[in-house]
Amino acid sequence: MAELDGKVALVTGGASGIGKAAARLLAERGARVTICGLDRADTEEAAADIGQGVRGQVADVSDETQVEALLAEIVEGDGGLDILVTAAGIQRYGSAVDTTGADWDEVLRVNLKGTFLPVKYALPHLRTCRGSVVIVSSVQAFVTQTSVAAYTASKGALNAFARSVAIDEAQYGVRANTVCPGSVDTPMLRMAARRFSDGSGAGEQGLVDAWGRTHPLGRVARAEEVAEAIAFLAGDRAGFITGVSLPVDGGLLAAVAVALPE
Ligand code: NAD
C-alpha cells in the first residue's frame, strides 16, 4: 500500500514548477490530487502530463468566491480533503521606494491572501480527518537580497501565518508547516534569470549557475527536491511535526558570506 493511499490533496500553483512536482509526487504516493492553476490550457496540460488521475481546476487563489467554490467541488467529488499544499506565488522587483502600491498589493494579494483563502476554506475539512497544510514559503522569509521588498515581506508573513494555523488547529490534530526553498529551477527562476541576464552578460544559464554557486551545495535545487520535503510534511510520517519552517536551500541559511582566506 502506498503511503498516501486514500488521501485527497489539493495543490495550488500545481500547473508548474514546485507545485507540479509536489502534485506528481503526492499522486505517485497514492493521493488523489487536484491541481489548481490560473490558466485553463496550462492547468489541463499539466494534469495530463502528470497523469495518475490528477485533475486540473482553474481558480485565482486570491479570489474568495473562486476558492470557496473550488474547495466545495473537491470535497463533494472526493468526499473530503486531507492535504493542502499552497505553491501559487508571484515575484515582483523593487525596493520599498521603487515598489509601486499596485505591485505591493498584487504580491501580497497572491502570495499571502492567496494562501490564507485556500487554508481558510480547507480547514473545516482538514479538521475532520486530522489533515495537514504545507505552505511553500522561501528562504526570503529569513534573509533577503536587494529589490524584493514586497516578495520578502509576503514570505515572512507566510511563516508567521503558518505558525498561527499550527497553534490554532493543533487541538483538531491538523498540522501546518512551511517549506522554505533557496533557488529552485522553475519557470519563476528562469523568468528572473532572463530578466537580469540582459544586463550581466552572463546569459540565462550562466546566471542560474552563478546563483547556484551562492548555495553551499553549489547549485540551485530541482523542483523534485522541494517536492520531497513537501510530501514528507504532508503525510503521516511527519505526524508530530507542526509549526516548523523547513529550509530546502542547499545550506544557504547556514552560511555567512565572510570566508577565511584559503
Ligand atoms: P512557478 O511560476 O512555476 O509557479 C507558480 C504558480 O503559481 C504558477 O503555475 C502560476 O500560474 C501560479 N499562480 C500565480 N498566481 C496565481 C493565482 N492568482 N491563482 C492561482 N495560481 C496562481 O514558480 P515556482 O518557483 O514553482 O513557485 C512556486 C512557489 O515557490 C512560489 O510561492 C514561489 O514564491 C516559491 N519559491 C520559489 C523559489 C524559486 O527559486 N523558484 C524559491 C523559493 C520559493
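An oxygen atom of the ligand sits 3.4 Å from a polar backbone atom of Gly89. This is a predicted model, and Gly89 is a handy place to start looking around the ligand. The table puts that contact next to two others of its kind.

| Ligand atom | Protein partner | Distance |
|---|---|---|
| Oxygen | Polar backbone atom of Gly89 | 3.4 Å |
| Nitrogen | Polar backbone atom of Val61 | 3.0 Å |
| Oxygen | Polar backbone atom of Val184 | 2.8 Å |

How much of the ligand does the protein cover? On its own the ligand has 820 Å² of accessible area, and the protein covers 90% of that.

Now for the shell itself. Helix 1 (17–28), helix 5 (149–169) and helix 6 (187–200) are the elements that each give two or more residues to it. Helix 6 has the largest share, with three residues. There are 26 residues around the ligand, and the ones that come nearest are Ser16, Ile18, Tyr151, Val184 and Thr186. Sorted by class, the shell has 15 nonpolar residues, nine polar ones and just two charged ones.

Where does the ligand lie relative to the domains? Residues of the shell come from both domain 1 (8–181 + 222–246) and domain 2 (183–220), so the ligand lies between the two.

There's also some enclosed space to look at. The count comes to one cavity of 30 Å³ or more, and the volume of the largest cavity is about 50 Å³. Its lining is made up of Lys7, Asp82, Ile83, Cys129, Arg130, Gly131, Ser132, Arg175, Ala234 and Asp236. By class, that lining has five charged residues, three nonpolar and two polar.

Key
Residues are numbered from 1 along each chain as its sequence is written. This is a predicted model: local features need pLDDT of at least 70, side-chain atom pairs count only at pLDDT 80 or more; totals for chains, interfaces and linings use all residues. Side-chain values use heavy atoms; hydrogens and water are left out. On a 1 Å grid over the protein atoms alone, a cavity is a set of points where a 1.4 Å probe fits but cannot get out, and a pocket is an open set with protein on both sides within 12 Å along at least five of seven lines; lining residues have an atom within 4 Å of a point. Grid points are joined across faces, edges and corners, and a volume is the space filled by probe spheres set on the points. Ala, Val, Leu, Ile, Met, Phe, Trp, Tyr, Cys and Pro count as nonpolar, Asp, Glu, Lys and Arg as charged, and the others, Gly among them, as polar. A residue is near a molecule or strand if one of its heavy atoms lies within 4 Å of it. A polar contact is a pair of N or O atoms within 3.5 Å; within protein, one must be able to donate a hydrogen and the other to accept it, and residues adjacent in sequence count only if both atoms are side-chain atoms. Accessible areas come from the Shrake-Rupley method with a 1.4 Å probe; for residues, only the protein chains shown count as cover. Helices (H or I, at least four residues) and strands (E, at least two) are DSSP runs, numbered from the N terminus. Domain bounds come from an automatic or database domain assignment.
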